[in-house]
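Good morning, and thank you for coming. I would like to take you through two residues and two helix pairs; please keep the display in view while I speak.

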Amino acid sequence: MSKNRQNKYMPLIMAVCVVVGILIGTFYANHFSGNRLSIINSSSNKINNLLHIIDDQYVDTVSVNQLVEKAMPQILAELDPHSVYIGAQDVQAANDDLKGSFSGVGIEFTIRQDTIRVQNVIGNGPAERAGLIAGDKIVSVDGNTFVGKKVTNQEAMRRLKGPKDTKVKLGIIRFGEKKVKYFTVTRGEIPQKSITSTYMIDNETGYIKVKNFGENTYPELLIALAKLSQEGVENLVIDLRGNLGGYLASAVQMANEFLPKGKLIVYTQGRKSPRQEYRSDGRGSYQHIPLVVLIDEVSASSSEIFAGAMQDNDRATIIGRRSFGKGLVQQPIPFNDGSMIRLTIARYYTPSGRCIQKPYTMGDEKSYEEDLLDRYQHGEFFSQDSIRHSGKAYHTSIGRVVYGGGGITPDIFIPEDTTNVTSYYKEASMTGLILQFAFNYTDNNRQKMNEFTEMKELAAYLVKQNTVEKFAEFANKNGLKRRNLMIKKSHKLLERYINSRIIYNMLNDEAWTQYLNLDDPAIAKTLDIFRRKAAFPKKAAL
């Protein structure tokens with residue numbers, strides 16, 4: 001064959017070689033990798049092609065990026081209730097609650113009548129150093145008026161938060177004054193506390209309220225325990241009611257403090273995640289202190305890890321109502337544009353082997369979200385006999401029966417007390433009228449109430465002020481018709497709610513918690529358990 005003829009057929013020979021190579025490669029891919037790669041490529045190409053066609057041929061101009069942003073949450077929602085997409089603008093806010101601190105001005109605020117009202121000023125924070133006080137109204141930010149419909153929680157956070165050492169100029173109207181004052185606040189690091197209350201309930205019993213499981217939960221716990229130890233603590237109650245969870249590592253560290261060496265705390269496992277066990281190392285300083293853990297229907301995730309570890313190892317008595325039932329582990333996966341997904345990669349299991357995740361149907365987010373309402377209507381909040389178990393029983397280290405398939409069931413059930421609940425009380429609570437009244441009352445009487453620095457003193461003062469009657473007048477003027485018989489029946493509940501919010505506004509989170517604990521049935525049961533020295537569960541009769 002001549003050189004010219006070789007050159008003539010060379011392109012054809014090369015094309016045949018490429019085709020044969022593709023066919024051979026496809027054969028091996030299909031037969032030795034289950035055709036997974038081609039399926040993924042086919043699916044992703046289909047989505048890419050769809051977006052390209054829309055961009056190229058759709059009747060109107062559309063933003064493909066916006067379509068993708070809207071599609072991402074929908075795709076993840078088809079997997080499970082906790083796999084989520086977080087846009088770049090929301091990532092920092094989503095992470096701030098669990099971080100040890102964030103950069104801002106250092107105030108707690110509420111929005112009333114389209115205006116930011118300073119509810120509390122964080123001690124020794126940037127706002128306090130600049131001269132702001134509780135009760136101030138923020139009417140402008142950096143020279144721009146900030147009142148009206150544009151005032152939302154999200155927009156307020158966006159304007160007030162910012163990098164450390166940057167400045168923000170706030171226009172303030174102070175109570176009793178009409179002229180706007182201006183304060184320049186230099187933003188700084190604001191600590192985010194996981195533990196919001198630490199105090200002695202009585203001479204022997206210490207109390208710790210854990211709001212969430214963040215970066216600093218464990219060191220905060222050690223500080224709280226040290227404080228209680230100095231005050232002679234002999235029994236301990238850890239309150240996880242309302243705690244939505246957080247970091248797995250923080251729950252493991254906390255559990256480690258109360259368990260002897262080698263005890264299984266939790267393990268995780270998934271389709272692509274091999275079993276990983278977390279065990280106690282025996283270094284905990286409080287391995288023998290009598291312990292009670294309080295939970296409710298909102299306690300979730302890391303709260304359930306801690307409560308489950310204490311229950312399955314027979315280390316504590318669990319008191320309250322069945323917990324939420326979140327047993328899925330999410331892994332954060334960031335994208336180049338700053339957005340991220342939290343993808344479920346495993347389930348976690350308590351030491352007895354039970355998965356706490358409650359049942360869910362893929363893609364049916366509504367039913368999952370309405371589970372607590374379903375429990376309420378089923379009567380679970382009021383009767384232990386109404387709790388629905390998965391039917392599968394597990395056993396603790398000493399043989400007690402516990403159940404999986406949907407939350408931690410407490411050892412001692414505390415029903416929700418609805419004895420004196422009326423439709424008037426429900427409406428007063430749900431419409432926000434009690435919160436509005438409490439804030440207005442605080443604002444109007446702040447000078448007098450500043451005399452009280454202790455919770456019990458302020459509580460005694462408020463009882464004499466007949467706040468329920470003043471609220472009824474306020475509510476009547478704001479759309480909630482007065483119902484004297486209902487007010488009389490719900491008087492104690494109304495007084496408790498109203499006065500607790502005023503105490504919160506005037507003092508702090510800890511004072512608010514202490515006040516609510518005064519007549520809390522779960523606290524009363526806890527003290528009874530300690531008096532009977534029954535905090536450690538007894539072996540089941542087999």
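**Two residues and two helix pairs**

Let me begin with D443, which lies in helix α13, the helix formed by residues 433-449. Please bear in mind throughout that this is a predicted model. Is D443 buried or exposed? Its relative accessible area is 7%, and the cut-off for a buried residue is under 20%, so D443 counts as buried. As for its surroundings, once neighbours within four places in sequence are set aside, D443 is in contact with R117, G135 and F175.

I stay with α13 and turn to its packing against another helix. Two packed helices are described by the angle between their axes and by the distance between those axes. For α13 and helix α14, residues 455-464, the angle is about 120 degrees and the axes are 13 Å apart. Roughly perpendicular covers 65 to 115 degrees, and roughly antiparallel begins over 145; α13 and α14 are therefore oblique to each other. Their crossing is right-handed. On the α13 side, the contact is made by Y441, K448 and M449, and on the α14 side by L458, Y461 and L462. By character, these contact residues comprise 5 nonpolar, no polar and 1 charged.

The second helix pair is α17, residues 491-506, with α18, residues 509-517. How are α17 and α18 oriented to each other? They pack at an angle of about 160 degrees, with their axes 8 Å apart. Since angles over 145 degrees count as roughly antiparallel, that is the description that applies to α17 and α18. Here, too, the crossing is right-handed. From α17, the residues involved are E495, R496, N499, S500, R501, I503 and Y504; they meet D509, A511, W512, Y515 and L516 of α18. This contact divides into 6 nonpolar, 2 polar and 4 charged residues.

Finally, I come to a loop residue. N313 is found between α9, residues 302-312, and β16, residues 317-320. With a relative accessible area of 13%, N313 is buried, because the value falls under the 20% cut-off. Which backbone atom lies 3.0 Å from a polar atom of the N313 side chain? It is the backbone oxygen of L264. L264 also appears among the contacts of N313 beyond four places in sequence, together with L259, K263, P351 and S397.

That concludes my presentation, and I welcome your comments.

Key:
Residues are numbered from 1 along each chain as its sequence is written. This is a predicted model: local features need pLDDT of at least 70, side-chain atom pairs count only at pLDDT 80 or more; totals for chains, interfaces and linings use all residues. Side-chain values use heavy atoms; hydrogens and water are left out. Helices (H or I, at least four residues) and strands (E, at least two) are DSSP runs, numbered from the N terminus. Buried means under 20% relative accessible area, exposed over 50%, partly exposed in between (1.4 Å probe, protein chains only). Contact means heavy atoms within 4.5 Å. Axes are lines fitted to C-alpha atoms, for helices over the stretch in contact, and angles run from 0 to 180 degrees between N-to-C directions. Angles under 35 degrees count as roughly parallel, over 145 as roughly antiparallel, 65 to 115 as roughly perpendicular and the rest as oblique. A crossing is left-handed if the near helix is turned anticlockwise from the far one by less than a right angle, and right-handed if clockwise. Ala, Val, Leu, Ile, Met, Phe, Trp, Tyr, Cys and Pro count as nonpolar, Asp, Glu, Lys and Arg as charged, and the others, Gly among them, as polar. A polar contact is a pair of N or O atoms within 3.5 Å; within protein, one must be able to donate a hydrogen and the other to accept it, and residues adjacent in sequence count only if both atoms are side-chain atoms.
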